[in-house]
Amino acid sequence: MTAALVLPAVLDIQQAAPLRDDLLALRGQPVVIDGSAVERLGALCLQVLISAQQTWARDGLSLQIDQASEAFAAQWNAFGATDYALAQREPA
Amino acid sequence: MTKTVLTVDDSRTMRDMLLLALVEAGYRVIQAVDGVDGLETLSAEGADVVITDINMPRLDGFGFIEGVRADPKHRATPVLVLTTESDAAKKQRARDAGATGWIVKPFDPVKLVDAVRRVAA
Amino acid sequence: MTDAADPFEAIKVTFFQECDELLGDLETGLLAIEAGSADDETINAVFRAVHSVKGGAGAFGLEDLVRFAHVFETLLDELRAGRKPCDPPTVKALLRASDVLADHVSAARGQAAPVDEARSAALVAELEALTHGGAAPAAIADVLALPEADEFGFRPVAFDFSTLAAPEPAAASGWRVTFRPHARMYAKANETALLLRELSRLGPVEVALDASALPDLAELVAEEAYLTWTLDLAAVVDEASVREAFDFVEADCDLTVEALSDAPAATDAPDSAPDLDIAALLARATAEAPVIESAPPVVEVAPVVPVAAPTAAATPAPAAQAAVTIRVDLDRVDRLINVVGELVIQQAMLAQRVIESGLARSSGISVGLEDLELLTREIQDSVMAIRAQPVKSVFQRMPRLVREVGEMTGKRVRLLTEGEATEVDKTVVERLAEPITHMIRNAIDHGLEMPEDRLAAGKSGEGTVRLAALHRSGRIVIEISDDGRGINRERVRGIAVSRGLIVEDAVLTDDEIDNLIFLPGFSTADAISDISGRGVGMDVVRKSIQALGGRISIASVPGKGSTFTLSLPLTLAVLDGMVVSAADQTLVAPLTAIVESLTPRPGDVHYVGGHDAVILFREQFTPLIDVGMVMGFRDAALTPSDGVAVIVETESGARAALLFDAIQGQRQVVIKSLETNYRQVEGVAAATILGDGRVALILDVDAIVANARRRSARPELKLAS
């Protein structure tokens, strides 16, 4: 069973703790994260997402960020997080 | 998307100057006359960036910033402190209270708008 | 800049008004301290008064005033911190200093002779001696001047001249920045994403992220900071510019900045690089020159705003320090303001005609015209300065009114007032008296119940009417509330139907019903009493509020009472507007006139007599005005369903739908002076400049609607009839 998580539009400091808790609740199963609604990504949520990818990898499970919006992908790359996988939304 | 700046200052002159500079730069401006009014206005209307004076009646700039940082809904709002103080201790207090940045009075409108742009998400 | 000069001058006028109040507060506070009746807040208020004078003076480059205020303020800061005693000799010195400060203000304003320099200097020395206990006074240079780079995160001038004189620590061809934020940086609402954005404004940045310190998700503390960035900036800038991008956060992160010896950029343009750098620095030096020059005590600074020399001669110097006031009939002030408005228009037209006739170059006429323009502006400024006072003068009249109305109606009323000190434009204050009077009468007469009815309803026999003024979001808000029976919606609805204001089966919310009382022609006639009747309905109240750029609304809870809320602008120089486009023009419609906007569907629009378009809005046919057509921006009418209809309401309560191509959004605009309006374009109230530099006309909604009506000479049709 693959679990799914939809990210909110604004991933700022306010969202860091809820995002971490939401992800931890899905631990132990493969997860697909829908990033299509994201308009803003801050560094604290970036940390959570990268840590989740590393944690899931250590667990031997997949955690995919899918459908990343343009703004999400642009900020992800601007952070220099290009080593970490991010699947962008197919252009419509 | 028009961004909203809340200015908190007890001086009408300063409020007018900030209003003029910010509105000319395309921001929407809402105003408050002291720290108490500032917290009420922020909680009622929200803002993308806040600019506050330090010396104000009822609640000063330090107390206002602490209030913003303690507000679960608005604690992530950037707050710029507007001050003529050439006093390192005051600047440190503003930092400790949680100020995001500073604007030194008398301000140059270009620098003011620059500072707002720098902290506005 | 010429356009900006106008509002800037207006602010200066405000500043001097504020100075008068601050000087008054200062004196009152010092006298209280002298009399021994002061508390901690008194000394704080005294400090703030001097501090505010200094702050405003700095903004206008009034150096003498700033310098004196600074020395004064420094001593006050010592006193309020308790580091110096507030003994009688000190208080005496402070009182003398407040007199000299007032002299400095008058001199800066051009209303009095220059300050007695010897007296001022002696007091400066005295204040400094008290501050430093006899020690050498600190350099005053830092008053106007530029704070130390490391002392202030935000530097007014971001480089120092040494880089120009000796290009030694010159810009490298690139920089490597390592940046590790601490948790407290994020807690202060700073964000790495924004810092990276800022840095990349200087040039291309190669970003490398080190996430090796990140723990397992289960151990991760959400608001702790674990990441480190290495940023290679390929730009020919100096180190200070690089650090400037991080100055807000330098105490809340680990930051290193090292020169890159062989950055890619360097190989691209090796020779031209240093030249570019100097050129860029020089450009900035020029741009920022006024700030730099204000550091040493030079008298001719910056482009000092035209000094009020003619006024100085014409205005008799104030005889005494005490403010002398006279009461003037508002009509007279209004007449003066109107005449001055005409004068400004005439002056601008005259100037235009002289230019067109080619006379300006060949004679002394242009000099005379410039003087005339200056004088005209001064007159305008002086007239507009009759402004700003607390609402207290209006509030003070209310207790008596409440007693009288209470007696006439046999009701027991308690009046609570709040925020009497709230200030607003004098014109606004004066014009508030009537609507407030009317609403308080109304609240007692219609809102409150008779004592026996109140007791029967489980309330206190004495009713409460609350009158409050407060500032909220750049507006003044006046609330008039009562704890009476609330609006009788059944009855209001019945009256509205009987007067043909709404159709019998109209579906309205409670809120909409409550607001029916503001409709023209609605007046609770069968209850017209001596008290609140007088043939004045709430529509008149609303009209007078709208004329001031304000809004009025009502909230009512049956059995609990009603609250009327008035919201008015504090300054008349700024307008809340909706930016729209018609043909290829950008226009601004005042928000106060707008009811709502909608996209017309083809079936909604009808043509009366084959040409006058009307649109069905809230079950009423409303004239549809193609603004692009009536303003002459286009020749062929816009198909209504291709545009947006903005429903507006004029001051007389008439509704119309203005058809535009599109709505661009809401924003505040600075209203430009009458001069821009001298051609008197029909339907245009004023002009403004938008953030992107485009000029936009501000629509005169009343004129547009009135013109359209005149053209069609056809009254609006009601479905009901």
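**Chain C, overall**

I began with the secondary structure of chain C and counted 26 helices and 22 strands. I keep in mind that this is a predicted model. Chain C runs to 721 residues, and I find 34% of them buried. I then looked at its contacts between residues at least 6 apart in sequence: 71% of these join residues at least 24 apart.

**Chain C against chain B**

Next I went to the contact with chain B. On the chain C side I list 44 residues, and these meet 48 residues of chain B. I asked which elements of chain C give two or more residues to this side. They are helix 1 (2-34), helix 2 (40-59), helix 9 (192-199), strand 8 (463-472) and strand 20 (662-670). Helix 2 of chain C gives the most, with 10 residues. Sorted by class, the side of chain C that touches chain B holds 19 nonpolar, 15 polar and 10 charged residues.

**Chain C against chain A**

I did the same for chain A. Here 20 residues come from chain C and 22 residues from chain A. Helix 9 and strand 2 of chain C are the elements that give two or more residues to the side touching chain A. By class I note 16 nonpolar, one polar and three charged residues on that side of chain C. Helix 9 of chain C is thus on my list for chain B and on my list for chain A.

**A four-stranded sheet in chain C**

Strand 2 led me to its sheet. I traced an open sheet of four strands in chain C, in the order 2-3-1-4, with antiparallel pairing. Strand 2 (205-210) and strand 4 (253-259) of chain C are the edge strands, each pairing on one side only. On average, neighbouring strands in this sheet are turned by 15° against each other, direction ignored. I looked further at strand 1 (residues 175-181) of chain C, which pairs with strand 4 of chain C in the antiparallel sense over seven bridges. Within strand 4 of chain C, D254(C) stands opposite R180(C).

**Helix 4 on helix 5, chain C**

I then turned to helix packing. Two packed helices are described by the angle between their axes and the distance between the axes. For helix 4 (residues 88-109) and helix 5 (residues 117-132) of chain C, I have axes that come within 10 Å and cross at roughly 145°. The crossing of helix 4 past helix 5 in chain C is left-handed. From helix 4 of chain C, I note T90(C), A93(C), R96(C), A97(C) and V100(C). They meet R119(C), S120(C), L123(C), E126(C), L127(C) and L130(C) in helix 5 of chain C. By class, this contact has six nonpolar, two polar and three charged residues.

**Nonpolar cores**

Which residues touch the most other members of the largest nonpolar core? In this core of 167 residues, I find L80(B), V50(C), F72(C), L101(C), A589(C) and L658(C). I followed F72(C): leaving out residues up to four places away in sequence, F72(C) touches V50(C), A97(C), L101(C) and L127(C). Another core, of 36 residues, lies apart from the largest one, and includes L415(C), M439(C), I495(C) and I552(C).

**Chain A**

Last, I checked chain A. I count three helices and five strands, and along the sequence they follow the pattern β-β-α-β-β-α-β-α. Chain A has 92 residues, of which 38% are buried. Of its contacts between residues at least 6 apart in sequence, 75% join residues at least 24 apart.

Definitions and conventions:
Residues are numbered from 1 along each chain as its sequence is written. Chains are lettered from A and ligands numbered from 1 in the order in which they are written. This is a predicted model: local features need pLDDT of at least 70, side-chain atom pairs count only at pLDDT 80 or more; totals for chains, interfaces and linings use all residues. A residue is buried if 20 or more other C-beta atoms lie within 10 Å of its own, exposed if 12 or fewer, and partly exposed in between; C-beta atoms are placed from the backbone. Two residues are in contact if their C-beta atoms, placed from the backbone, lie within 7 Å. Ala, Val, Leu, Ile, Met, Phe, Trp, Tyr, Cys and Pro count as nonpolar, Asp, Glu, Lys and Arg as charged, and the others, Gly among them, as polar. Two strands pair if DSSP finds at least two bridges between them. Axes are lines fitted to C-alpha atoms, for helices over the stretch in contact, and angles run from 0 to 180 degrees between N-to-C directions. A nonpolar core is a set of buried Ala, Val, Leu, Ile, Met, Phe, Trp, Tyr and Cys residues joined through C-beta atoms within 7 Å. A crossing is left-handed if the near helix is turned anticlockwise from the far one by less than a right angle, and right-handed if clockwise.
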